[in-house]
Amino acid sequence: MNRSMLSSSPYAHNNQNVRKVMMQVQIAAFPALMAHIYLFGFGIVIQWMLAVATFIVVEYSMLKLRGRPVWPFMSDLSALITVTGLVFCIPPEAPWWVVVSGSAFALIFGKHLYGGLGYNPFNPAMLGYAFLLISFPVQMTQWTMPLDITGSTLGLIESAQIIFNGAAHTHTMDMFTGATPLGELKTSLTQGVTALETLNREPYGLLFGLSAWAWINLAFLLGGLWMVLSGVISWQFPVAFLGALAGMAFIFHQVDPTLYPPVSFVLLSGGTMLAAFFIITDPVTASTTPRGKLVYACGIGILVYVIRNWGAFPDGIAFAILLMNIAVPLIDQYTQPRVFGHKLKG
C-alpha cells in the first residue's frame, strides 16, 4: 500500500548552496579582472595565483589542526572568494610576501580562529587588507600606474621580476608606480591645492573621458548588477551604501567644491564598487534583516566618506566595513521584522 509522506512546512526549496553562490560571485568578478589586466597589466594574475596557493596551504593546515574534513570545506570556495577580494585591493606589483601574508592573516585570524565559515564576525578579506595597510604602508601605497597614464602596461615576465625580485631590468619602481587618485587628492589638499585643480591636472580620459580607475569600478558594477538580478545578493546593500556615499559627497561638494570632490569621482574611484557588490554583501558578517541591511550599508557609506576626507587613509573601505561588522548584532536586534499575525496594542 502506498502511503502519503507528510512533512512540515515550509514547502519552498532553494537550490542554492555555498559552493554555487561563491562560484557566481567569482564569475561576477571576471569583467573587473579582465579590465584590470588590460589597464594595469598582468601583475594581478601572479598575485591571484600566489593568493590561491596560500589559501590551499592555509586551509589544509588549519582544517587538519581543527580536526575537520578537508575536502568539503576547501571545495566550498569561500576561501577563494576571500583571497580574490583581497587581491583586488593589493597593488599589482607588490612584493610576493605582501599577498601571501595578507591572505594567510585573513584566513587564519579572520576565519578559522573564530570557528570557520559562518562564525567569523569580521569580513576576512577586509581584515587581511587592514592588516596589510597598517603593517606595510609603503608597499600598499606603491600602485602601478594604469594604461591611461603610462601609455603601456607591464608584461607577465616583467611583472614577475618585480614581484619576486624587486624590479625589472629595464624599469625602476619610480617609473611605473605612484599614488592612486584618492591618495593624490589627499596629498594635494594637504599642500594647499584644491580638489578642482587636482582633478583637472590628472591625465584622465582613457575612453569616454573616464579614468582607468573609473572603468575598473564600472566593471565591478556590471558584475554586481548581474548578481542583484540573479538574486545572489540583496539589493539593499549596494543601494544603501552607494546612496549614502553619494549623498555625503553631494552635500559636501555643494558646501565647498574646492575641498570636496564631486559625486562621480567619489563613486568611481578606489574600491567603491568592489565594496558595494562584493564585500559588504558577505552573508556571514553583514546584517540579515531587511531594514538592518539598509542601516548596515548606509553606515558603511557614511564611514567611508568620513575616513576618506578626514581620516589617515585615502580609501578607508576596510576600516568602515570592520567597524560596522562590530555593530551587526545590535543592528539585527533592533531591526527584527514583525512576526506574522502580530497584533498592535491600542
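These legends accompany a set of close-up views of a predicted model.

**View 1. The whole chain, as a starting point.**
Let's begin with the protein chain as a whole, which has 19 helices and 2 strands. Of its 346 residues, 49% count as buried. Among contacts between residues at least 6 apart in sequence, 76% join residues at least 24 apart.

**View 2. The largest nonpolar core.**
Here we look into the largest nonpolar core, a set of 92 residues. Met-126, Phe-241, Phe-278, Ile-280, Tyr-296, Ile-300 and Ile-321 have the most contacts inside this core. Both domain 1 (20–177) and domain 2 (179–334) contribute, with at least three residues from each. Another core, of 5 residues, lies apart from it and includes Leu-182, Ala-195, Leu-199 and Phe-265. As a general background, nonpolar side chains in soluble globular proteins tend to be buried together.

**View 3. The surroundings of Tyr-296.**
Staying with one member of the largest core, we can ask which residues are in contact with Tyr-296 once its neighbours within four places in sequence are left aside. The partners are Phe-237, Ile-280, Thr-285, Ala-286, Ser-287, Ile-321, Met-324, Asn-325, Val-328 and Ile-331. Of these contacts, Ile-280 and Ile-321 are also listed with Tyr-296 among the residues with the most contacts inside the core.

**View 4. The largest pocket and its lining.**
The largest pocket has a volume of about 740 Å³. Its lining comprises 38 residues, and Val-21, Met-22, Thr-281, Asp-282 and Pro-283 are the closest to its centre. Five helices are worth picking out here: H1 (18–28), H5 (78–87), H7 (124–135), H14 (212–229) and H17 (272–279) each supply at least two lining residues. Which helix gives the most to the lining? That is H5, with 6 residues.

**View 5. Gln-24 in helix H1.**
Gln-24 lies in helix H1, and it counts as buried because its relative accessibility is 15%, below the 20% cut-off. Its C-alpha atom is separated by 9.7 Å from that of Gly-223, although the two residues are 199 residues apart along the chain.

**View 6. Leu-77, just ahead of helix H5.**
Leu-77 is found in the loop between helix H4 (70–74) and H5. Its phi is positive, at about 70°, although the residue is not a glycine. For context, most residues other than glycine have a negative phi. Is Leu-77 buried or exposed? With 16% relative accessibility, Leu-77 counts as buried.

**View 7. Helix H2 and the glycine that follows.**
Helix H2 covers residues 30–40, and its buried residues are Ala-32, Ala-35, His-36, Ile-37, Leu-39 and Phe-40. In an α-helix there are 3.6 residues a turn, so residues three or four places apart point the same way. After H2 comes Gly-41, with a positive phi near 100°.

**View 8. Gln-236 in helix H15.**
Gln-236 belongs to helix H15 (residues 236–255). This glutamine is buried, its relative accessible area being 10%. Beyond its neighbours within four places in sequence, Gln-236 is in contact with Pro-290, Lys-293, Leu-294 and Ala-297.

**View 9. Two cysteines in their settings.**
How many disulfides does the model contain? The count comes to 0. Cys-89 is buried, with a relative accessible area of 9%, whereas Cys-298 is partly exposed, at 30%.

Conventions
Residues are numbered from 1 along each chain as its sequence is written. This is a predicted model: local features need pLDDT of at least 70, side-chain atom pairs count only at pLDDT 80 or more; totals for chains, interfaces and linings use all residues. Side-chain values use heavy atoms; hydrogens and water are left out. Buried means under 20% relative accessible area, exposed over 50%, partly exposed in between (1.4 Å probe, protein chains only). Helices (H or I, at least four residues) and strands (E, at least two) are DSSP runs, numbered from the N terminus. A disulfide is a pair of cysteine sulfur atoms within 2.5 Å. A nonpolar core is a set of buried Ala, Val, Leu, Ile, Met, Phe, Trp, Tyr and Cys residues joined through side-chain atoms within 4.5 Å. Domain bounds come from an automatic or database domain assignment. Contact means heavy atoms within 4.5 Å. On a 1 Å grid over the protein atoms alone, a cavity is a set of points where a 1.4 Å probe fits but cannot get out, and a pocket is an open set with protein on both sides within 12 Å along at least five of seven lines; lining residues have an atom within 4 Å of a point. Grid points are joined across faces, edges and corners, and a volume is the space filled by probe spheres set on the points.
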